[in-house]
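Subject: Structure handover

Hello,

Here is the structure I said I would pass on. Please open it alongside this message; my notes follow below it.

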Amino acid sequence: MSTYQQQQLDALGDVMRRALLEKLRRGPLPVGELARGLPVSRPAVSQHLRVLKEARLVRDEASGTRRYYSLDPKGFALLRSYLDNFWGEALEAFQAKVEEK
């Protein structure tokens, strides 16, 4: 497991970060929009976004005085490759069990 994959799994362990990722599934949003409706302050949302950015799950882009956050496809590809290993092992175990009979 790479350092980034470990950071990603750690980042996903927080319910607020998962909520932010869900909001970003619809497209890029500024911090203010992301914070709307959440039970935490805007600075707390910024801290959660920092963790997600360090884990390469989100990226940001400046547009005037605002920063828009979006999902980072490269980061999710890295995470998926890690999780796919488990799926591959499960399928191999299933195939071995079926062929046993």
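**Helix contacts**

Tyr4, Gln5, Gln8, Leu9 and Leu12 of H1 are in contact with Gly75, Phe76, Leu78, Leu79, Ser81 and Tyr82 of H5. Please keep in mind that this is a predicted model. Helix H1 covers residues 3-12 and helix H5 covers residues 73-100; their axes come within 10 Å and cross at roughly 95°. That crossing angle makes H1 roughly perpendicular to H5.

A second pair of helices is H2 and H4, whose axes come within 10 Å and cross at roughly 80°. H2 is therefore roughly perpendicular to H4, because angles of 65 to 115 degrees count as such. On the H2 side the contact involves Met16, Arg17, Leu20 and Leu21, and on the H4 side Val45, His48, Leu49, Val51 and Leu52.

**Helix H2**

Which residues of helix H2 are buried? In this helix, residues 15-24, they are Met16, Arg17, Leu20, Leu21, Lys23 and Leu24. They span an arc of only 160° around the axis, so they lie on the same side of H2. Among these buried residues, Met16, Arg17, Leu20 and Leu21 also appear in the contact with H4.

The N-terminal end of H2 is capped by Asp14. One of the side-chain oxygens of Asp14 lies 2.9 Å from the backbone nitrogen of Met16.

**His48**

His48 belongs to helix H4, residues 42-54. Is His48 buried or exposed? Its relative accessible area is 14%, and since buried means under 20%, His48 is buried.

The side chain of His48 makes a polar contact of 3.2 Å with the side chain of Arg17. If neighbours within four places in sequence are left aside, His48 is in contact with Asp14, Met16, Arg17 and Leu20. Asp14, in that list, is the residue that caps H2, and Arg17 is one of the buried residues of H2.

**The loop after H4**

Arg56 is in the loop between H4 and S2. Its phi is near 65°, which is a positive value in a residue other than glycine. With a relative accessible area of 38%, Arg56 is partly exposed, because that value falls between the 20% limit for buried and the 50% limit for exposed.

**The sheet**

Strands of a sheet pair through backbone hydrogen bonds, in either a parallel or an antiparallel way. What is the order of the strands here? The sheet is open, has 3 strands in the order S1-S3-S2, and its pairing is antiparallel. S1 and S2 are the edge strands, as each pairs on one side only.

Strand S1 (residues 29-30) is joined to strand S3 (residues 66-71) by 2 bridges, and the two run antiparallel. Within this pairing, Leu29 has Tyr69 in S3 as its bridge partner.

Strand S2, residues 58-63, pairs with S3 over 6 bridges, again in the antiparallel sense. Asp60 stands opposite Tyr69 in S3, and Arg59 stands opposite Ser70. Tyr69 thus takes part in both pairings: Leu29 is its bridge partner in one, and Asp60 stands opposite Tyr69 in the other.

S2 and S3 together form a hairpin, with 2 residues between the strands. Gly64 is in the turn and has a positive phi of about 65°.

Regards

Notes: Residues numbered from 1 in each chain as written. Predicted model: local features only at pLDDT ≥ 70, side-chain atom pairs only at ≥ 80, totals over all residues. Heavy atoms only, no water. Pairing = 2+ DSSP bridges. Helix = DSSP H or I, 4+ residues; strand = E, 2+ residues; numbered from the N terminus. Buried < 20%, exposed > 50% of the residue type's maximum accessible area, 1.4 Å probe, protein only. Arc of directions from axis to C-beta. Polar contact = N/O pair within 3.5 Å; in protein donor to acceptor, adjacent residues only side chain to side chain. Contact = heavy atoms within 4.5 Å. Axes fitted to C-alpha atoms, helices over the stretch in contact; angles between N-to-C directions. Parallel < 35°, antiparallel > 145°, perpendicular 65-115°, else oblique.
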